[in-house]
Structure formats: C-alpha cells, structure tokens
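Here are some exercises to work through at your own pace. Have the sequence and the model open beside you, and try each task before reading its solution.

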Amino acid sequence: MSMTPQQQHGKKRRKMVALLMILTIIAFAPLLSLLASYGIAETLGCQVDEGSVHPCFIGSFDIGSTLYGMGVMGWLMIPAAPLMLIAILGWLAVGVVSMARYLCKG
C-alpha cells in the first residue's frame, strides 16, 4: 500500500516538527534551569550566584547545592545560543508555511 504525495508530505512535516520540538527543548533547557533556580531561590528567600553554594532550606532539607547547579547550568546558554537561533527560525518557518497554506486554501 503506497502513500499519496499528501500523506508523504504530512509524514515529513510531522517528523520535522518533532525534531524541531526536541531541538527547542535542548536549546532552551539551560535558560529554563537558570530561571527556575532563581525563581525558587526568590520564593524561599535564598541567595543564588555562580560564586559559591549558599544554604537554602525547605524544612530541614538543604537545596542550596541543587540551586547552585541549576544556576551554573545557565552558562550552557552560551554554546546553546546557535541552537536557540535555529529553533526560533525553524518555528518561524513553520508558522510562515502554515499561514501560506491556509491563505492558499481559500
């Protein structure tokens, strides 16, 4: 059973969107980690910086080293910047193509 050209195109598009989603998650993970660490520290009234680990307690459990690790992961944004740009441009391309198809259909 062979697929029609439309089915083949739809399958290729789904693969491309899935790949773009994975790329987006990988590219923005360092930023999300950094924002989460600062958000959690702000909520708990703790200090987080790249210089050293500061104590931060939830009950009797110290999460300072975890927040420090999450904050330092923000430095991975530097090598991930090209991936971020590719992901943003990819999503813009998907949007433009989708909009063009919608407008051409009538």
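**Warm-up.** Is Cys104 buried or exposed?

Solution. Cys104 is exposed, with a relative accessible area of 70%. The scale used here calls a residue buried under 20% relative accessible area, exposed over 50% and partly exposed in between, with a 1.4 Å probe and protein chains only.

Before going on, a word on the ground rules. This is a predicted model, in which local features need pLDDT of at least 70 and side-chain atom pairs count only at pLDDT 80 or more, while totals for chains, interfaces and linings use all residues. Residues are numbered from 1 along each chain as its sequence is written, and side-chain values use heavy atoms, with hydrogens and water left out.

**Exercise 1.** Describe the overall build of the chain.

Solution. Begin with the elements: the chain has three helices and two strands, in the order α-β-β-α-α from the N terminus. Helices (H or I, at least four residues) and strands (E, at least two) are DSSP runs, numbered from the N terminus. Next, look at the dimensions: along the principal axes, the C-alpha atoms fill a box of roughly 60 × 30 × 25 Å. The radius of gyration is 21 Å, whereas a compact globule of 106 residues would have one near 13 Å; it is taken over C-alpha atoms, and the globule rule is 2.2 Å times the number of residues to the power 0.38. Finally, 22% of the 106 residues count as buried.

**Exercise 2.** Find the disulfide and work out its handedness.

Solution. The structure holds one disulfide, a term that stands for a pair of cysteine sulfur atoms within 2.5 Å. The partners are Cys46 and Cys56, with sulfur atoms 2.0 Å apart. Both Cys46 and Cys56 sit in the loop between H1 and E1, 10 residues apart. Now check the torsion about the S-S bond: this is about 75 degrees, so the disulfide is right-handed. As for accessibility, Cys56 is buried at 1%.

**Exercise 3.** Follow Cys56 into the largest nonpolar core, then on to helix H2.

Solution. The core has five residues: Ala41, Val48, Cys56, Ile63 and Leu67. Such a core is a set of buried Ala, Val, Leu, Ile, Met, Phe, Trp, Tyr and Cys residues joined through side-chain atoms within 4.5 Å. Take Leu67 next: beyond residues up to four places away in sequence, Leu67 touches Ser37, Ile40, Ala41, Val48 and Cys56, where contact means heavy atoms within 4.5 Å. Leu67 is also one of the buried residues of helix H2 (residues 64-72), together with Gly64 and Gly71. Seen down the axis of H2, these buried residues fall within an arc of 65 degrees, so they line one face of the helix; the arc is that of the directions from the helix axis to the C-beta atoms.

**Exercise 4.** Which residue shares a polar contact of 3.0 Å with the side chain of His54?

Solution. First place His54: this residue is in the loop between helix H1 (5-44) and strand E1 (57-58), and is buried at 19% relative accessible area. The partner is Asp49, joined side chain to side chain. A polar contact is a pair of N or O atoms within 3.5 Å; within protein, one must be able to donate a hydrogen and the other to accept it, and residues adjacent in sequence count only if both atoms are side-chain atoms. Setting aside neighbours within four places in sequence, His54 is in contact with Gln47, Asp49 and Gly64.
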